Amino acid sequence: MSSALLNDISKPRDEAERDLMNLMKSTIEGGGKVLVPLFALGRAQEIQMVLENYMTKRPEYNLGVPVYLDGMILEASAMHTAYPEYLKENLRNRILNNRSPFESEIFEIIKGEREEIFEKGPAIILASGGMLNGGASLEYFKRLADSPKNTIVFVGYNSSNSLGRRIQNGVKDVALPNEDGKLQTVKVAMNVKTVEGFSGHSERRQLVSFVENLRPRPKNIFTMHGEEHKCEDLARSLARIIHCDGRAPMNLDSIRLK
């Protein structure tokens, strides 16, 4: 679960929140729609909390547009509401007092047809599928990508082979399947933005510091769940720093642990 739901939000996070809201505000004022692809569990609830806080408590960010929720976000948010005892105190109290930010009136849940969203005016769309490899976010992207009025904002990590990373890197034409399963070229004319600061992961410096302070010192360290070259580099660095065996296992590698 994201640290923003468990701990206090740091100053860099505050800056990321303002950057996100300012991007949304400028797009809405220009008559466009904002698409935010999200990981359904954790990141989606963070962004919901940010929007609920800014749009209900800060008049300058009361954008006056619907905020649509689509995909698995609804189910994931319901899990947080069902188990508030695992959340930080102020969030837990809000949920227990029927003031859950995930059920705010600013949110509109999409359960069926999406056509009406495209036909209406400016809006914010929070959709699952954080890397655009599938899910609701990909369907919205197909329909919104060709207009320079619209903006897609990435607030999470995109792996090197994902469509999200390709979009971040500036690709202007992507081949995607249409409703009939046939490939069609989608022109990317929308604004592409990335807001850093919402990551729930520790950075390299923090990981190294954590390992350095382990007692007793580990004899073996395995790094995984990251880009291949970065996992390998971190394993080598940690092995050198604390004089242990450091490895970055490959897929299907077998390691015997005693």
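This predicted model holds 0 disulfides, and its cysteines let us see why. A disulfide is a covalent bond between the sulfur atoms of two cysteines. Take C231: the closest cysteine sulfur to its own belongs to C244 and is 15 Å away, too far for a bond. Looking from the other end, the closest cysteine sulfur to that of C244 is the one in C231, again at 15 Å. For a disulfide to be counted, the two sulfur atoms would have to lie within 2.5 Å. Both side chains are nevertheless tucked away: C231 is buried at a relative accessible area of 10%, and C244 counts as buried at 14%.

With that settled, let us step back to the whole chain. The protein has 10 helices and 10 strands, and its C-alpha trace spans about 60 × 50 × 30 Å along the principal axes. Of its 258 residues, 43% count as buried. If we take the contacts with a separation of 6 or more, 73% of them are between residues 24 or more positions apart.

Where do the buried nonpolar residues gather? The largest nonpolar core has 29 residues, and those with the most contacts inside it are M24, L51, I124, L126 and V155. Two or more residues of this core come from each of the helices α2 (11-29) and α3 (43-57), and likewise from the strands β1 (33-38), β2 (67-70) and β4 (123-128). A second, separate core of 24 residues includes A136, L144, F154 and I167.

V155 is a good residue to follow if you want to see how distant parts of the sequence meet. Setting aside residues up to four places away in sequence, V155 touches L20, V36, P37, L38, R43, I47, V195 and F198. Among these partners, V36, P37 and L38 fall within the range of β1, while R43 and I47 fall within that of α3.

Helix α2 offers another residue to visit, T27. At 6% relative accessibility, T27 counts as buried. Beyond its sequence neighbours up to four places away, T27 touches G32, K33 and V34, and also K149, N150 and T151.

Next comes helix α7, which covers residues 136-144 and contains L138. Its neighbour S137 lies in α7 too. Is S137 buried or exposed? At 0% relative accessibility, S137 counts as buried. Leaving aside neighbours within four places in sequence, the contacts of S137 are L35, P37, A127, S128, G129 and L132. Within that list, L35 and P37 fall in the range of β1, and A127 and S128 in that of β4.

L138 is also buried, with a relative accessible area of 10%. Apart from residues up to four places away, L138 touches L132, N133, L163 and L176. L132 is thus a contact of L138 and of S137. For a sense of scale, the C-alpha atoms of L138 and P218 are separated by 43 Å, with the two positions 80 residues apart along the chain.

Further along the sequence, a pair of helices deserves a look. Helix α9 (residues 204-212) and helix α10 (residues 228-242) pack at an angle of about 35°, with their axes 11 Å apart. Their crossing is right-handed. On the α9 side the contact is made by R204, L207, V208, V211 and E212, which meet D233, L234, S237, L238, I241 and I242 of α10. By class, the residues in this contact are 7 nonpolar, 1 polar and 3 charged.

We can finish with some details of the backbone. A cis peptide bond joins R215 and P216, with omega at about 0°. P216 sits in the loop that links α9 to β9 (220-222).

Which residues other than glycine have a positive phi? N98 is one, with phi near 60°, and H243 is another, also with phi near 60°. N98 is found in the loop between α5 (89-96) and β3 (107-109), whereas H243 is in the loop between α10 and β10 (245-247). Both residues are exposed: N98 has a relative accessible area of 72%, and H243 has one of 71%.

Definitions and conventions:
Residues numbered from 1 in each chain as written. Predicted model: local features only at pLDDT ≥ 70, side-chain atom pairs only at ≥ 80, totals over all residues. Heavy atoms only, no water. Core = buried A, V, L, I, M, F, W, Y, C linked by side-chain atoms within 4.5 Å. Buried < 20%, exposed > 50% of the residue type's maximum accessible area, 1.4 Å probe, protein only. Helix = DSSP H or I, 4+ residues; strand = E, 2+ residues; numbered from the N terminus. Contact = heavy atoms within 4.5 Å. Axes fitted to C-alpha atoms, helices over the stretch in contact; angles between N-to-C directions. Left-handed = near helix turned anticlockwise from the far one by under 90°. Nonpolar A, V, L, I, M, F, W, Y, C, P; charged D, E, K, R; others polar.
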